[in-house]
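Subject: Structure for you to look at

Hi,

Here is the structure I promised to pass on. My notes follow below it.

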2 protein chains.
Amino acid sequence: MAQRERKTTSAVTILDVARHAGVSPMTASRVINGNPRVAAELRERVRASVRELGYRPNLAGRSLRTAGSARVGVLYSNPSAAYLNELMLGILEQSSASGVQVLVERCGDIRSQRAATRRLVEAGVDGVIVPPPLCDSRPTIRDLDERGIPVVAVASGAPLPGVTSVRIDDYQGARAMTRYLLELGHTRIGFIQGDPKHTPAQLRTAAFVDTMAEAGLKATSNLLAEGMFTYRSGLAAAERLLKLKRRPTAVFCSNDDMAAATMAVAHGMGLRIPGQLTVVGFDDTPVATTLWPELTTIHQPVTAMGRAAVTLVLELIRERRQGRTPPPTDRVMAYTLVKRQSSAAPG
Amino acid sequence: MAQRERKTTSAVTILDVARHAGVSPMTASRVINGNPRVAAELRERVRASVRELGYRPNLAGRSLRTAGSARVGVLYSNPSAAYLNELMLGILEQSSASGVQVLVERCGDIRSQRAATRRLVEAGVDGVIVPPPLCDSRPTIRDLDERGIPVVAVASGAPLPGVTSVRIDDYQGARAMTRYLLELGHTRIGFIQGDPKHTPAQLRTAAFVDTMAEAGLKATSNLLAEGMFTYRSGLAAAERLLKLKRRPTAVFCSNDDMAAATMAVAHGMGLRIPGQLTVVGFDDTPVATTLWPELTTIHQPVTAMGRAAVTLVLELIRERRQGRTPPPTDRVMAYTLVKRQSSAAPG
DNA sequence: CTGAAAGCGCTTACAG
DNA sequence: CTGAAAGCGCTTACAG
């Protein structure tokens with residue numbers, strides 16, 4: 001069995017595949033990359049060899065030629081740790097798959113944003129990904145734009161004009177959740193808002209108010225509680241809502257952290273969830289499945305959005321290298337309403 | 001200013017640096033990699049050029065030669081989403097910095113472990129990282145070992161003999177936390193255990209019991225509640241502990257999720273934290289700072305452990321490629337006792 | 001201590 | 001539709 005006598009030292013390369021299939025490395029490369037201009041028979045031979053040899057492309061080799069060794073910066077301030085983790089996971093996954101180098105810069109106020117931007121530029125980034133809430137920072141994005149660096153905004157509620165972005169439709173997501181609560185039979189529904197400076201928070205609130213109105217229900221101000229997306233703010237808001245004389249039978253929180261807080265308060269008042277109170281969130285962060293009962297929420301495909309951001313910024317970089325200025329893309333990904341155990345018809 | 005006339009198309013390469021410094025690319029490479037066998041003067045010149053040109057090494061180019069394009073697998077089952085996210089973050093960071101390709105396989109029972117292992121092997125991985133709880137799965141690790149593939153176990157409480165691992169000292173961590181509670185003046189301390197099949201859980205429990213005993217306090221079985229590391233199990237355990245006639249003044253939970261549950265139950269009973277009840281956790285996952293009051297806990301440097309795992313597995317891979325079989329390393333990283341607002345002297 | 005040569009694995013032009 | 005040549009950016013051996 002001379003075939004098995006493979007050096008354990010080195011992996012299978014495209015040359016091995018080409019030899020095995022009896023074609024040139026170029027043809028092998030074309031098949032592997034899905035180029036259709038290859039005779040069907042050769043394509044089959046190459047595919048068989050790939051399978052038989054267990055070939056996996058070496059990304060470093062590929063990217064050296066293709067991505068032209070692009071470098072992508074991530075400029076973030078302070079979203080929740082869980083959210084950022086998940087997003088970075090997607091960004092790093094796709095970067096390593098595309099052979100892109102990632103540089104991360106953290107910043108706070110406007111001044112530090114300028115400094116962080118400068119550092120990224122000096123490090124020679126070819127494009128920048130901007131997670132929330134910086135995705136809505138006009139000065140920062142303009143700053144990058146003026147330096148000729150492509151930008152992809154992640155999870156903005158309303159992407160700035162001319163800026164390529166990846167997001168979900170926050171309005172439709174919040175609308176879907178409100179409708180779900182209405183369909184369950186709830187009419188007295190409380191809503192805990194997110195940070196009013198964040199565009200997704202604005203849209204989620206608007207969708208709730210509009211959808212209630214359509215159902216002939218007025219979202220009065222005593223049912224609209226202010227929050228800041230933090231657990232702590234959720235605690236205060238939930239306490240206010242759940243102590244109303246006419247207590248809501250359901251509370252829709254603009255994110256999962258505040259929903260966790262609402263569940264803690266409800267628990268504190270001895271309310272059974274979902275029997276006496278339905279609690280729902282938004283985002284589907286890890287906390288949603290940590291809680292018990294598990295949280296009904298709107299799933300945002302954060303990891304996939306991270307991957308998409310890298311793909312989009314790479315496209316922009318390539319276009320630019322060829323001297324083109326492509327129109328901005330607005331990639332709207334699908335959200336999902338995930339029904340778990342924290343929601344039911346009013347008791 | 002002819003100097004500024006840099007093609008925006010391509011980044012600064014080591015050739016540019018070498019030319020600018022008036023040396024060969026090799027000398028530039030040596031300086032950049034910290035090789036000491038370079039004349040001081042040349043070293044300075046190269047460093048200056050690197051700074052002036054804003055040179056950043058292209059990792060794809062480097063790894064093509066150095067890492068010999070190593071491929072690392074991650075074989076995981078189902079730890080908490082938050083933990084895995086954070087670990088993967090470290091793993092991907094370091095992989096992309098080292099030009100290593102990462103392949104991830106998920107599995108469940110023993111049979112699927114074998115299948116997942118086979119898939120990784122077929123994909124040509126040169127080494128495998130095994131997060132908890134699989135890090136303690138003897139059959140899986142032996143399986144890889146027999147195929148000659150280096151393994152790094154992450155966060156095992158007691159690494160299997162012969163296996164390289166990255167971990168913290170769970171025993172000392174739990175001991176430090178217990179001592180802290182004792183120093184605050186608590187004597188009646190409840191403990192919620194983790195999944196008894198997990199080695200870290202075993203050590204944390206043992207450390208608590210031992211440290212209490214040293215202080216002349218017996219950790220009676222009614223103060224030792226069973227848990228499984230899940231929020232839900234924490235809820236049940238906390239309910240039992242907090243309803244004891246002689247209620248503990250502090251509860252030490254074997255992880256943060258169970259501490260979150262304990263706080264929810266305490267909240268439910270109208271207990272002020274930390275005034276009437278101190279609650280502490282272990283791990284310092286994102287939930288610890290999401291809660292309010294924020295949780296006192298043992299910080300485990302999960303991201304850094306992910307990075308270290310990659311570095312270690314790469315070392316093993318290189319050694320093996322040179323025909324050596326190095327002795328296993330047991331890398332014990334530092335934990336930190338992070339004091340936040342959920343702990344205080346008994347009221 | 002320094003450098004000229006070669007090559008890591010892959011793909012982009014270019015020629016047929 | 002197919003392939004021979006060249007080169008992406010870097011570093012490993014080898015020679016001085």
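Let me begin with the DNA. Four elements each give at least two residues to the surface near DNA strand C: helix 2 (25-32) and helix 4 (59-65) of chain A, and helix 2 (25-32) and helix 4 (59-65) of chain B. Helices (H or I, at least four residues) and strands (E, at least two) are DSSP runs numbered from the N terminus. "Near" asks that a residue's C-beta atom, placed from the backbone, lie within 6 Å of the molecule or strand.

A word on conventions: this is a predicted model, where local features need pLDDT of at least 70 and side-chain atom pairs count only at pLDDT 80 or more, while totals for chains, interfaces and linings use all residues. Residues are numbered from 1 along each chain as its sequence is written, and chains are lettered from A and ligands numbered from 1 in the order in which they are written.

**DNA surfaces**

Around DNA strand C there are 26 residues, of which T13(A), I14(A), N58(A), G61(A) and A39(B) come nearest. The surface near this strand holds twelve nonpolar, ten polar and four charged residues. Here Ala, Val, Leu, Ile, Met, Phe, Trp, Tyr, Cys and Pro count as nonpolar, Asp, Glu, Lys and Arg as charged, and the others, Gly among them, as polar.

DNA strand D also has 26 residues around it, and the nearest are A39(A), T13(B), I14(B), N58(B) and G61(B). Helix 2 and helix 4 of chain A, with helix 2 and helix 4 of chain B, are the elements giving two or more residues to that surface. Its classes are twelve nonpolar, ten polar and four charged.

**Between the chains**

Chain A and chain B each put 46 residues into their contact (C-beta atoms, placed from the backbone, within 7 Å). On the chain A side, helix 5 of chain A gives the largest share, ten residues. That side divides into 19 nonpolar, 19 polar and eight charged residues.

**Within chain A**

I14(A), L15(A), V17(A), A18(A) and A21(A) of helix 1 of chain A meet P25(A), A28(A) and S29(A) of helix 2 of chain A. By class, this contact has seven nonpolar, one polar and no charged residues.

Further along, helix 8 of chain A (residues 170-184) has 15 residues, which should span 21 Å at 1.5 Å a residue (times one less than the number of residues), and its end C-alpha atoms are 21 Å apart, in agreement. After helix 8 of chain A comes G185(A), with a positive phi near 110°.

Best wishes

Key
Contact = placed C-beta atoms within 7 Å.
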